[in-house]
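Please look over the sequence and the model together before reading on. The paragraphs below go through selected places one after another, beginning with a pocket.

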Amino acid sequence: MAQFEEVSQKSKLHPKPEGLALQYGTAGFRTHAKHLDHIMFRMGLLATLRSKKTKSTIGVMVTASHNPEEDNGVKLTDPMGEMVTAVWEGYATQLANAEQDSLLKELKDIIEKEDIDMSEPASIYVGKDTRPSGASLSRAVLDGVSSLGGKTHDYGLVTTPQLHYMVCCCNTHGCYGSPTVEGYYQKLSQAFLQLTQNASNRTDDQKRLLVDGANGIGALKMREMEPFLRSKLQVVLSNDSSSGKLNHMCGADYVKVQQKAPQGMNMGVGERCCSFDGDADRIVYYYTDSKGCFHLLDGDKIATLISMFFAGMLQVLFSKAAQKQIQELVKDPNTNDERKRAVKLLESTINLINQTVGDAILDMLVIEAVLAIRGMSVQDWHAIYTDLPNRQLKVTVSDRRVIDTTDAERRAVTPEGLQDAIDSLVKKYKTARSFVRPSGTEDVVRVYAEADTQENADRLAHEVSLAVYRLAGGVGDEPKPLH
C-alpha cells in the first residue's frame, strides 16, 4: 500500500538506534532527548492509529515534566483528555522497540488486532514544553502523523494540562470549552473571578502570591493568563524562563524533596508561595515562619482544603429530600438566595478545576479562591492538621520495574524481602511509617518516611533507602546519612 510506503520512507529519516529499548510508563516515554527522535515519529504513527480507532482527536505532548532540561519525553492523550489505556501503552512500547526492518510488521499487527479502518480520518493535537529539543522532536511527531495521512493542529508551546483540555474540548464539540489557549484562559479566569466575588475587603497583601515557574512552560503561560485575572491575584513570578535552566534548583519536585525554597525566590516571613513543575501539572505551596522554619503544603493539604470547601457548600445544597442537579437549582425561581449562592459557588469551582488531568495553574487558582472566600491565611491552612515530620529521598536503580507495589503503592510486593525489611525498620521508631514506589519516568525509586521527630524521619528514610539500594539493584554509591 502507498500509505505504508510513505511510512517506510519517512522512518528512514528517524532511524532507531540498534539495541535501544524503552518502556512506555505512566508518564509516557522519558529519557535523554538524543535518544527520542525515532520514538517521536513512531508515537505520531500510534496516535494516528488511535484516532482512527476511536474516531476522535488524540493528543501528543512532548515533555519530560520535572526531569532535567537535557531530557525529553512524550505521552499520548485519549479523547476525554485522559491517559491512553494500558493496552495501547503496550502498543507504544511494542512500536517504539521494533527494529527498523520490522516496523511495518509491528504497525500492521496493531492495525489487525484493533481492526482499524485505515480509511477513517485522523486528527492529532500536538504540544510541547520549553525544552530546547522540543522543536525538532515535535516535528518528528508531525512526520509520523502525516505519513499515515493524519491531520495535525500544532499548538506549539503549551502546558500538558492545556493540551489535555484542548483534546477534551474538541471531542465534546465545545461543551467543555473552546479548544484554544485563549478559550482556556477565558473560561477559567471567569470562574476564578466569579468565585472571588464572594471574598470581600481583600488587601493587596492578601492578593499577593509568589510563584516559582521552574524556568518552564508554566511561567510563560502564567504571564499570558495574568491580564485575564484583572489584578484579583497579584503574582510575583520567579524562575520565569528568562534565565536559568528548567527544573534546576527550582520547581515543585525540588521544593518537595529538598524541603526548602527554590533558588531565585525572595521569600518574606509568612509570605504565601508556590512552585509549578516543569510542564505545570503539579504544584506545591509553602512559607517560612518567624523562626525561619520552612513549611510545605503539598497534595494532602491541598486536597483537604478543597474537600472542606466542597463539604461546606454541600451541607447547604443537599438534604435527603433534595437531589436536583446543579443546573436546575440555578434556574429554579423558588431556590432561596443562600442555596442559589452555594450552587453558583459550586458551579464556578467545578468550572475552575481541570477535569482531564492535574493542572498546577488551575489548582493554584482554586486554592487562592478558597483561601480568599474563607478568609484564611496560609498559616491557617497549614494548621488544619499537623503533619508528622517526614523525608522523601530518591534511590537510583538499574531497573525501576523490579519494584512492584500494592495497597495504593504503600506495600512492596517485589523484590522479595524488601517489604519485610521496611517493616522491621519502621518498628524501631515511634508513630512511623515508610513506603517506596518506582518512578513512572526514570530508573529511580522514591522513598517516603515519617516519624515522631525530624531526626528519626531522616534516619528511617536513609535506612529504607539503603534497603532499596541493596535489594533492588542500586546504582552508584550507597545512600549516605543525612546527618
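Which residues lie nearest the centre of the second largest pocket? In this predicted model, they are Asp205, Gln206, Arg272, Met376 and Ser377, which belong to a lining of 20 residues. The volume of this second largest pocket is about 370 Å³. Its lining draws at least two residues from each of helix H8 (204-207), strand S6 (208-212), helix H14 (360-374) and helix H15 (378-382). By type, the lining residues of the second largest pocket divide into seven nonpolar, seven polar and six charged.

Before going further, it helps to know how confident the predictor is. The mean pLDDT of the protein is 91, and 95% of its residues reach 70 or more. Over residues 317-324, however, the pLDDT is below 50, although this stretch has ten contacts in the model beyond near neighbours in sequence. Where pLDDT is low, the predicted coordinates should not be read in detail.

Strand S6, which supplies residues to the pocket lining, also leads to a set of paired strands. S6 is joined to strand S8 (residues 273-276) by three bridges, and the two strands run parallel; within this pairing, Val211 has Cys274 in S8 as its bridge partner. S8 also pairs with strand S9 (residues 283-288), here in the antiparallel sense and over four bridges, with Cys273 standing opposite Tyr286 in S9. S8 and S9 form a hairpin with six residues between them, and in the turn Ala280 has a positive phi of about 65°. Are the two faces of S8 covered or uncovered? Both are covered, since Cys273 and Ser275 on one side are buried, as are Cys274 and Phe276 on the other.

Another enclosed strand is found earlier in the chain. Strand S3 (residues 71-77) has seven of its seven residues buried, so S3 is largely enclosed by the rest of the structure. Asp71, Gly73, Lys75 and Thr77 are buried on one side of S3, while Asn72, Val74 and Leu76 are buried on the other, and both faces of the strand are thus covered. Strand S1 (residues 29-32) pairs with S3 in the antiparallel sense over four bridges, and in that pairing Phe29 stands opposite Val74. Strand S2 (residues 57-62) likewise runs antiparallel to S3 and is joined to S3 by four bridges, with Leu76 in S3 as the bridge partner of Val60.

A buried residue within a helix can be seen at Cys169, which lies in helix H6 (residues 160-171). Cys169 has a relative accessible area of 1% and counts as buried because that value is under the 20% cut-off. When residues up to four places away in sequence are left out, Cys169 touches Gly174, Tyr176, Gly177, Ser178 and Pro179. The C-alpha atoms of Cys169 and Met80 are separated by 8.2 Å, and these residues are 89 residues apart along the chain.

The loop between helix H4 (103-113) and strand S4 (123-128) holds Ser119, and Asp115 lies in the loop between H4 and S4 as well. With 62% relative accessibility, Ser119 counts as exposed; Asp115, at 68%, counts as exposed too. Between Ser119 and Gly474 there is a distance of 49 Å, C-alpha to C-alpha, and the two are 355 residues apart in sequence. Asp115 also has a positive phi of about 50° although it is not a glycine. Most residues other than glycine have a negative phi, and most peptide bonds are trans.

Both parts of that general statement are useful for the last region. Strand S12 (residues 404-406) and strand S13 (residues 411-414) pair in the antiparallel sense over three bridges, with Thr406 standing opposite Arg411 in S13. Their hairpin has four residues between the strands, and there Asp407 takes a positive phi near 55°, although Asp407 is not a glycine. Is Asp407 buried, exposed or partly exposed? Asp407 is partly exposed, with a relative accessible area of 40%. Beyond S13, the peptide bond from Thr414 to Pro415 is cis, with omega near 0°, and Pro415 is found in the loop between S13 and helix H16 (418-426).

Terms used. Residues are numbered from 1 along each chain as its sequence is written. This is a predicted model: local features need pLDDT of at least 70, side-chain atom pairs count only at pLDDT 80 or more; totals for chains, interfaces and linings use all residues. Side-chain values use heavy atoms; hydrogens and water are left out. Two strands pair if DSSP finds at least two bridges between them. pLDDT is the predictor's confidence in each residue, from 0 to 100. Contact means heavy atoms within 4.5 Å. On a 1 Å grid over the protein atoms alone, a cavity is a set of points where a 1.4 Å probe fits but cannot get out, and a pocket is an open set with protein on both sides within 12 Å along at least five of seven lines; lining residues have an atom within 4 Å of a point. Grid points are joined across faces, edges and corners, and a volume is the space filled by probe spheres set on the points. Ala, Val, Leu, Ile, Met, Phe, Trp, Tyr, Cys and Pro count as nonpolar, Asp, Glu, Lys and Arg as charged, and the others, Gly among them, as polar. Buried means under 20% relative accessible area, exposed over 50%, partly exposed in between (1.4 Å probe, protein chains only).
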